[in-house]
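Here is a friendly briefing to read alongside the structure. Take a moment to look it over, then follow the bullet points topic by topic.

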Amino acid sequence: MAAIQQQPDELIANQPLQSPQQKFALLPKIINGGIAGIIGVTCVFPLDLVKTRLQNQQIGPNGERMYTSMFDCFRKTYSAEGYFGMYRGSAVNILLITPEKAIKLTANDYFRHKLTTKDGKLPMSCQMLAGGLAGAFQIIVTTPMELLKIQMQDAGRVAAAAKLAGKTVEKVSATQLATQLIKEKGIVGLYKGIGATGLRDVTFSVIYFPLFATLNDLGPRRNDGSGEAVFWCSFLAGLAAGSTAALAVNPFDVVKTRLQALKKADGEKEFKGISDCISKTLKHEGPTAFFKGGLCRMIVIAPLFGIAQTVYYLGVAEGLLGVQKK
């Protein structure tokens, strides 16, 4: 998930730009982003869990591995932990998804508005800058959410490895984990891996925004005079841009996931930072390790974007607020 790794608001936020004189209707966008995030996370979370476990899995000295593929990981997880086991860590993700969307969506709109020229145009470089800045603001909420989510998602893999070694691992909840981290390291403990998280999210936004805008501009326009692309064009543009950006930043997502995994299975390596993680992974597993879970990540991102686009066009927030959908 990237990694629950990048999320639905990118599609919503990157609608045709308004002129600088117009005001942005932020509240409906924020609510739509939150609703889309909650629905999207619920639908694709099992795939995000599989992605996390594949990325954290390290090859043993004799080439042994717990999961041989995405489908093997899904099958073994479901068999060992059941249906609800596929949703480990989802509660904290759903709880924090709304403020995450609010921060990123508001920041993206604000910077797009500020960087728009007097004639109402937003150059490509400014689109990239606005998206990158929004991604940087997002990590305030994303980092703690990802940290806690990864521990819960990867707990089953660590427990299974311990069982094979004749040991047991005590189960902990997200609340217990957060409390323990704050007690031991203060609030800073919740921001382990913030550098790698920022590297992933900022890069994703820089790639996604201009790519989506370019693809979206190629399609036919709606006949309501808004100048917006027809639904199916924006939907396909979002899927293509989101999946492409997700695959492009997957190496950063692997590094982030491994740095944020607090518990390791016996024999697995510890990492001191981004460069240490990159060098050790390259040395022991080769460059292909940085694309572990890549297919899962693309499959996770695509429906998230589709759901977000659907929520936007349905105008759920506008209906709740009793305002006219623009």
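K280 is partly exposed, because its relative accessible area is 27%. Its salt-bridge partner is D276, with the closest N and O atoms 3.4 Å apart. Please keep in mind that this is a predicted model. With that in mind, let us look at the chain as a whole and then return to pairs of this kind.

**The overall picture**

- The chain contains 12 helices and 0 strands.
- Read from the N terminus, the elements run α-α-α-α-α-α-α-α-α-α-α-α.
- The chain has 326 residues, and 52% of them count as buried.
- About 14600 Å² of the chain is exposed, and carbon and sulfur atoms supply 66% of that area.

**What the record says about the membrane**

- An unreviewed UniProt entry places the feature "transmembrane region" at residues 30-50, 229-249 and 298-321.
- In the model, residues 30-50 are 100% helix and 0% strand, and the C-alpha atoms at the two ends lie 29 Å apart.
- Residues 229-249 are 86% helix and 0% strand, with 27 Å between the end C-alpha atoms.

**Salt bridges**

- Side chains of opposite charge can pair when their charged atoms come close.
- How many salt bridges does a search of the whole structure find? The search finds 10 salt bridges.
- One of them joins K51 and D253, whose closest N and O atoms are 2.8 Å apart. K51 sits in helix α2 (residues 26-56) and D253 in helix α9, so this pair ties together parts that are 202 residues apart in sequence.
- Is K51 buried or exposed? K51 counts as buried because its relative accessibility is 0%, and D253 is also buried at 0%.
- K51 and D253 belong to a network of salt bridges that also links R200, D201 and R297.
- Another salt bridge pairs R75 with D72, with the closest N and O atoms 2.7 Å apart. R75 and D72 are 3 residues apart in helix α3, so about one helical turn separates them.
- R75 counts as exposed because its relative accessibility is 51%, and the cut-off for exposed is over 50%. D72 is buried, with a relative accessible area of 8%.
- The pair from the start, K280 and D276, lies in helix α10 (residues 274-285), where the two are 4 residues apart, about one turn of the helix. D276 is buried because its relative accessible area of 17% is under 20%.

**A helix surrounded by the rest**

- Why is helix α9 described as largely enclosed by the rest of the structure? Helix α9 covers residues 250-260, and 10 of its 11 residues are buried, so the description fits.
- The buried residues of α9 include N250, P251, V254 and L259. Charged residues appear in that list too, among them D253, K256 and R258.

**Aromatic rings**

- The count of aromatic pairs comes to 8.
- In one of these pairs, the rings of Y83 and F84 have their centres 5.3 Å apart and their planes at 80°, so the pair is edge-to-face. F84 counts as exposed, because its relative accessibility is 69%.
- Which arrangement do the rings of Y208 and F212 adopt? Their centres are 5.6 Å apart and their planes are at 20°, so this pair is stacked.
- Y208 and F212 both lie in helix α7 (residues 194-217), 4 residues apart, which is about one turn of the helix. Y208 is buried at a relative accessible area of 0%, and F212 is buried at 0% as well.
- Ring pairs also link F45, Y83, F84 and Y87 into a cluster.

**A nonpolar patch on the surface**

- F74, Y78, Y83 and F84 form a nonpolar patch, and together they have about 500 Å² of accessible area.
- Y78, one of the patch members, is found in helix α3 (residues 70-85). Y78 counts as partly exposed because its relative accessibility is 45%.

**Cysteines**

- A disulfide is a covalent bond between the sulfur atoms of two cysteines.
- How many disulfides are counted here? The count comes to 0 disulfides.
- C126 counts as buried at 17% relative accessibility, and C277 is buried with a relative accessible area of 1%.

Notes: Residues numbered from 1 in each chain as written. Predicted model: local features only at pLDDT ≥ 70, side-chain atom pairs only at ≥ 80, totals over all residues. Heavy atoms only, no water. UniProt positions renumbered as here; feature names shortened; annotations may be inferred. Buried < 20%, exposed > 50% of the residue type's maximum accessible area, 1.4 Å probe, protein only. Areas by Shrake-Rupley, 256 points an atom, 1.4 Å probe, with all protein chains shown as cover. Patch = residues over 30% accessible without salt bridge, like charges linked within 9 Å, V, L, I, M, F, W, Y side chains within 5 Å. Salt bridge = Lys/Arg side-chain N within 4 Å of Asp/Glu carboxyl O. Disulfide = S-S within 2.5 Å. Phe/Tyr/Trp six-rings, centres within 6.5 Å; stacked < 30°, edge-to-face > 60°.
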